[in-house]
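Reader: I would like a close look at a single part of this model, namely strand pairing and what is packed around it. Please take it step by step, and carry the account through to the side chains.

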Amino acid sequence: MTTTWLPTDWEHPLRVELPTGHYLRPITADDTEKDMQAVMGSRERLWAIYGDAWGWPPADMSAEADREDLQRHWEEMQTHESFNYALLDAEETELIGCVYVDPGDGPGCDAVISWWVRDEYVGSELESTLDAFVPDWIARDWPLTSPFYGVR
């Protein structure tokens, strides 16, 4: 089932280049190993950001649970229910973070956008670039009029 928060003929981006040489692409279950390293290596900070809203990431998250979660994200992207993009280096040797685009939760908010980078990238030039890039990308390539940036 495709949801109606986006135009039915709109196609989500499949690869988005950042000026740093990194890029965003839809996350898949095949990214589990890299995702586990990124998420569990930054778990405490991610819990501080997403724990209250999403209950994520749990302290005892297994690779199988992560794989199931990533598969669900991929399936939701196919039906335009929500979107999870992996931030990767050019060679895909490391998953550096994620960008989420979810439907809005009421009038005046058609989407909720959030993102994170691994702990070792906090305060880096890459994080600053991503912070500036995401709102520009959303404004340029997404059919949204009133996105909220953060987690609700």
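Author: Two strands are taken to pair if DSSP finds at least two bridges between them. The model is a predicted one, and everything below should be read with that in mind.

The strands form an open sheet of six, in the order E1-E2-E3-E4-E5-E6, and the pairing is mixed. Strand E1 (16–17) and strand E6 (147–149) stand at the edges with a single partner strand each, so one side of each has no neighbour in the sheet. At the E1 edge, the partner is strand E2 (residues 23–26), and the two strands pair in the antiparallel sense over two bridges, with valine 16 having leucine 24 of E2 as its bridge partner. Helix H2 also packs on the sheet, where it touches E4 and E5, and its direction makes about 155° with that of E5. Helix H4 (residues 125–141) lies across E1, E2, strand E3 (83–88), E4, E5 and E6, and runs at about 160° to E5.

Further into the sheet, E3 and E4 pair in the antiparallel sense over six bridges, and tyrosine 85 stands opposite valine 99 in E4. The hairpin that these two strands make has six residues between the strands, and within this hairpin glutamate 92 takes a positive phi near 55°. The next pair, E4 and E5, is antiparallel with eight bridges, and here cysteine 98 stands opposite tryptophan 116 in E5. E4 and E5 likewise form a hairpin, with two residues between them, and glycine 108 in the turn has a positive phi of about 80°.

Helix H1 (residues 32–41) can be placed relative to these strands through its buried residues, which are Thr32, Asp35, Met36, Ala38 and Val39. An α-helix has 3.6 residues a turn, so residues three or four places apart point the same way. The buried residues of H1 pack against helix H2 (43–54), helix H3 (63–78), strand E4 (95–106) and strand E5 (109–117).

The loop between E2 and H1 holds isoleucine 27, which is buried, with a relative accessible area of 0%. Apart from its neighbours within four places in sequence, isoleucine 27 is in contact with Asp35, Leu70, His73, Trp74, Met77, Asn84, Tyr85, Ala86, Leu95 and Cys98. Arginine 15, for its part, lies over the face of tyrosine 23, at 3.5 Å from the ring centre.

The side chains can now be taken as groups. The largest nonpolar core has 25 residues, and Leu24, Phe83, Trp137 and Trp142 are those with the most contacts inside it. E3, E4, E5 and H4 are the elements that give two or more residues to this core, and the largest share, six residues, comes from H4. Another core lies apart from it, with 16 residues, among them Tyr23, Ala86, Cys98 and Trp116.

The aromatic rings add a further layer to this picture, with 16 aromatic pairs counted. The rings of tryptophan 10 and tryptophan 142 have their centres 4.6 Å apart and their planes at 45°, so this pair is tilted. Tryptophan 10 lies in the segment before E1 and tryptophan 142 in the loop between H4 and E6, so the pair ties together parts that are 132 residues apart in sequence. Tryptophan 10 is buried, at a relative accessible area of 14%, and tryptophan 142 is buried too, at 4%. A second tilted pair is formed by tryptophan 54 and tryptophan 56, with 6.4 Å from centre to centre and 55° between the planes. In that pair tryptophan 54 counts as partly exposed, at 36% relative accessibility, whereas tryptophan 56 counts as buried, at 12%.

Tryptophan 142 is also part of a cluster, in which ring pairs link Trp5, Trp10, Phe83, Tyr85, Phe133, Trp137 and Trp142. When neighbours within four places in sequence are left aside, the contacts of tryptophan 142 are Leu6, Trp10, Pro13, Phe83, Tyr85, Val101 and Trp137.

Technical notes. Residues are numbered from 1 along each chain as its sequence is written. This is a predicted model: local features need pLDDT of at least 70, side-chain atom pairs count only at pLDDT 80 or more; totals for chains, interfaces and linings use all residues. Side-chain values use heavy atoms; hydrogens and water are left out. Buried means under 20% relative accessible area, exposed over 50%, partly exposed in between (1.4 Å probe, protein chains only). Helices (H or I, at least four residues) and strands (E, at least two) are DSSP runs, numbered from the N terminus. Contact means heavy atoms within 4.5 Å. Axes are lines fitted to C-alpha atoms, for helices over the stretch in contact, and angles run from 0 to 180 degrees between N-to-C directions. Rings of Phe, Tyr and Trp (its six-membered ring) pair if their centres lie within 6.5 Å; planes under 30 degrees apart count as stacked, over 60 as edge-to-face and the rest as tilted. A charge sits over a ring if NZ of Lys or CZ of Arg is within 6 Å of the ring centre and within 35 degrees of the ring normal. A nonpolar core is a set of buried Ala, Val, Leu, Ile, Met, Phe, Trp, Tyr and Cys residues joined through side-chain atoms within 4.5 Å.
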